[in-house]
Amino acid sequence: MPHQFITVAGVDVFPLCDAVGPMGDSIRRPLPEMFPGGCHGEQDEWVLHFHCYLLRDAVGRTVLVDTGVGPENSPAASWAPVPGILGAELARVGVAPEEVDAVVITHLHSDHAGGAVIDGSPAFPNARYVLQRAEIDTAGEKVLDHVVRPLGERLQVVDGHSDVFPGIRALLAPGHTPGHQVVQVGDLVLTGDVVLHPVQLSDPTVTYLYDDDPELAAATRVELLDRVRAERGTIATAHFAEPFTRVL
C-alpha cells in the first residue's frame with residue numbers, strides 16, 4: 001500500500017518508495033559489522049527501503065529529494081534492487097518528470113543519485129539540481145561522468161546551508177560523505193543517510209561501516225536528532241520501512 005503524504009508548514013511531503021530489498025552480495029555484511037555496537041536483537045539481514053520524497057509548496061513548486069537507484073544499467077546495479085520505480089511513484093502523485101522544479105541530491109551514492117541522469121541526459125529536464133560543493137569536489141571520476149557532468153547548466157552548486165525555495169532549506173550535514181546534505185521543512189528533516197538504521201535512533205553514536213568519516217557522521221547525527229527532538233519534530237528517512245518517524 002502506498003505511503004500517505006503529510007503536510008508540514010504548508011508543504012505537502014509525498015514519500016516515494018523507489019525499491020525494497022537487501023544489499024547485494026558485493027557489499028552485504030552482517031548487521032553487527034555494518035553498525036558496530038548497535039543492539040540488533042535477532043535480526044540478521046537488513047532489508048532496505050529506498051525512499052525519495054516529493055515536496056510541493058503552497059504555490060505548486062515541486063522539489064524532489066533524491067533520485068533513487070535508477071535504471072537497470074545505473075551505477076547502483078552492482079548491489080541494489082534495480083530498476084527503481086521512481087517514475088511510476090511520481091506519476092502516482094500526479095507529477096511528470098518535466099514538472100519537477102528542483103532536485104536536491106543528498107549525496108552522490110548510487111542509491112540516491114542513480115536516477116538523476118538517464119541515458120546521458122538529466123532525468124528531470126526542467127529542474128535545477130542542488131549539490132554541495134564538497135560533495136562534487138570529493139567525487140570520483142565515474143560519478144562525475146555519470147551524474148555531475150551530464151547535468152551541465154542544470155547543476156546548482158551550493159556551499160553550506162541554502163534555500164531551495166522559501167520554507168524549504170538544504171542544510172550541510174557531513175560525515176556519511178563530505179558534502180552530505182539534508183532538507184528541512186518546518187519541524188520535518190529529510191535525513192538522507194545521516195540516519196540509516198533504527199539502531200541509530202536509540203544510540204546516535206552507533207557508526208556505519210560505509211560512512212566516509214564515522215566520527216563526524218555520529219556528531220552530525222547527534223546534533224540533528226537533538227535539534228529535531230527539541231522541536232518535537234519528525235524525520236523522513238531514506239531506508240526505514242516507514243518513511244516518517246517522530247523523534248521522542
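Here are three short exercises, with worked solutions, on rings and cysteines in this predicted model.

**Exercise 1.** Work out how the rings of Phe35 and Tyr208 are arranged, and which parts of the chain they come from.

*Solution.* Start with the count: the structure has 7 aromatic pairs. One of them is Phe35 with Tyr208, whose centres are 5.0 Å apart with 25° between the planes. Planes under 30 degrees apart count as stacked, so this pair is stacked. Next, find the two residues. Phe35 sits in the loop between helix H1 (31–34) and strand S3 (47–56), while Tyr208 sits in the loop between helix H6 (199–202) and helix H7 (214–230). That puts them 173 residues apart, so the pair links distant parts of the chain. Both Phe35 and Tyr208 are buried.

**Exercise 2.** Classify the pair Tyr208 and Tyr210, then say which cluster it belongs to.

*Solution.* The ring centres are 5.6 Å apart and the planes meet at 75°. Over 60 degrees counts as edge-to-face, so that is the label here. Now check accessibility: Tyr208 is buried at 6%, whereas Tyr210 is partly exposed at 28%. Finally, follow the ring pairs, and you get a cluster of Phe35, Trp46, Tyr208 and Tyr210.

**Exercise 3.** Explain why Cys17 and Cys52 don't form a disulfide.

*Solution.* The closest cysteine sulfur to that of Cys17 is in Cys52, 8.9 Å away. A disulfide needs the sulfur atoms within 2.5 Å, so these two are too far apart for a bond. Looking from Cys52, the closest cysteine sulfur is the one in Cys17. Cys17 counts as buried at 17% relative accessibility, and Cys52 is buried at 1%. The total for the structure is 0 disulfides.

Terms used:
Residues numbered from 1 in each chain as written. Predicted model: local features only at pLDDT ≥ 70, side-chain atom pairs only at ≥ 80, totals over all residues. Heavy atoms only, no water. Phe/Tyr/Trp six-rings, centres within 6.5 Å; stacked < 30°, edge-to-face > 60°. Helix = DSSP H or I, 4+ residues; strand = E, 2+ residues; numbered from the N terminus. Buried < 20%, exposed > 50% of the residue type's maximum accessible area, 1.4 Å probe, protein only.
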